[in-house]
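Here is a short set of exercises with worked solutions. Keep the structure open beside you and try each task before you read on.

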Amino acid sequence: MTQAPLQKTIAHIARVSGRGYWSGQPVTLSFLPANPGDGIVFRRVDLPGRPIVPALAEYRIETNLRTKLVYQGTTVEMIEHVMAALYGMGIDNCTVECDACEMPAMDGSAMEMAIAIDQAGTRTQAIRAKEVCVDSTLRIGDDRSGVEAIPATGPCASGLELRYHLDFGPTSVIPSSTSSYVLTPSEFLANIAPARTFLSEHDAKELQRMGVAQHVTYRDLIVFGNDGPIDNTLRFPDECSRHKLLDLIGDLALCGARVRGTIIARRSGHNLNGRMAEQLLNLHRADQQHLSHVA
Ligand SMILES: [Zn+2]
């Protein structure tokens, strides 16, 4: 088996600012270098004592349409695009300071965060990356809606290959598509990070009727009406399944290690993705325990 690559952190501080989709609250994120082995940790600098939230699947709380972590009473939410940007750009260790609970929506994608990380650069660290190697098939959900992890073979045996099948049926206003990538920072930056979040006009109106996302317009994400995107143009024909891949990467990153394997998802959302991350985290911990016994 190929040796794990060396860990990486961000070389310089990177910052992005925006507003949360759900809360509308302004928020600034600062991506700070961190020590080898620290992993990804959020820090709420707006709260007394600046409490931290480690980005691990065990602190995930099931929530509708977003990923939320709670650690010792401190919450961070809508973290999936931040996590995807870090994992996608190959960062193992980073402290993400934030001055609000909800991460910034930006344009509905991870593009601005990925560009900020890319411009800040990465620094290679002296120890090998934590890896979780999928050595037998894992399944969450069912054939209609689920996530499967299978052992990698061939050219991506030392990395992560991802495939997402999006299909809401023939009557949905959201078009079906499939996207598939072997993940590298350059592939992520060019083809996955720019893919924006989306929903149907019906769901958008329902959310606003419930009083959330009042400030969000048709330009802040993709809203599909009967004739396609309203007041907006797709960046890629398969932008929706690419965005679902982005979400999948961000959620899987909560396993706290680089994943070696092939992940195939069908119509999965954050909760199914998060449950797969929990399985991968458990697999990683079992591997670590086995190694420490062997040693
Ligand atoms: Zn998303």
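**Exercise 1. Decide whether T262 is buried or exposed, and find what surrounds it.**

Step 1. Count the neighbours: T262 has 23 other C-beta atoms within 10 Å. Step 2. Apply the cut-offs: a residue is buried if 20 or more other C-beta atoms lie within 10 Å of its own, exposed if 12 or fewer, and partly exposed in between, with C-beta atoms placed from the backbone. T262 is therefore buried.

Before going further, note that this is a predicted model, in which local features need pLDDT of at least 70 and side-chain atom pairs count only at pLDDT 80 or more, while totals for chains, interfaces and linings use all residues. Residues are numbered from 1 along each chain as its sequence is written.

Step 3. Locate the residue: T262 sits in strand β19 (residues 258-266). Helices (H or I, at least four residues) and strands (E, at least two) are DSSP runs, numbered from the N terminus. Step 4. Look for company from elsewhere in the chain: leaving out residues up to four places away in sequence, T262 touches I150, A152 and E161. Two residues are in contact if their C-beta atoms, placed from the backbone, lie within 7 Å. Step 5. Compare sequence with space: L160 is 102 residues from T262 in sequence, yet their C-alpha atoms are 5.8 Å apart.

**Exercise 2. Now do the same for H165: which class of exposure does it have?**

Step 1. H165 has 16 other C-beta atoms within 10 Å, so this residue is partly exposed. Step 2. Its place is in strand β14 (residues 160-166). Step 3. Setting aside neighbours within four places in sequence, H165 is in contact with T178 and R266. Step 4. Try a distance too: H165 and N93 are 72 residues apart along the chain, and their C-alpha atoms are separated by 30 Å.

**Exercise 3. Describe helix α1 and work out how α5 and α2 pack against it.**

Step 1. Start with α1 alone. This helix covers residues 80-88, and nine of its nine residues are buried; among them are V82, A85 and L86. Just after α1, G90 takes a positive phi of about 80°.

Step 2. Bring in α5 (residues 239-252). The axes of α1 and α5 come within 7 Å and cross at roughly 80°. Axes are lines fitted to C-alpha atoms, for helices over the stretch in contact, and angles run from 0 to 180 degrees between N-to-C directions. Angles under 35 degrees count as roughly parallel, over 145 as roughly antiparallel, 65 to 115 as roughly perpendicular and the rest as oblique. The two helices α1 and α5 are therefore roughly perpendicular to each other.

Step 3. List who meets whom: E80, H81, M83, A84, Y87 and G88 of α1 face L246, D247, I249, G250 and D251 of α5 in this contact. By class, the residues of the contact are five nonpolar, three polar and three charged. Here Ala, Val, Leu, Ile, Met, Phe, Trp, Tyr, Cys and Pro count as nonpolar, Asp, Glu, Lys and Arg as charged, and the others, Gly among them, as polar.

Step 4. Turn to α2 (residues 111-120). Its axis is 9 Å from that of α1, and the packing angle is about 35°. In this contact, H81, V82, A85, L86 and G88 of α1 meet M113, A114 and I117 of α2. The contact of α1 with α2 has six nonpolar, two polar and no charged residues.

**Exercise 4. In what order do the strands of the five-stranded sheet lie, and which are at its edges?**

Step 1. Read the order: β2-β3-β9-β4-β5, an open sheet with mixed pairing. Two strands pair if DSSP finds at least two bridges between them. Step 2. Find the edges: β2 and β5 (52-54) each pair on one side only. Step 3. Check one edge: β2 (residues 14-19) and β3 (residues 26-33) pair in the antiparallel sense over six bridges, with G18 opposite V27. These strands form a hairpin with six residues between them, and G24 in the turn has a positive phi of about 75°. Step 4. Check the other edge: β4 (residues 40-44) and β5 pair in the antiparallel sense over three bridges, and P54 is the bridge partner of V41.
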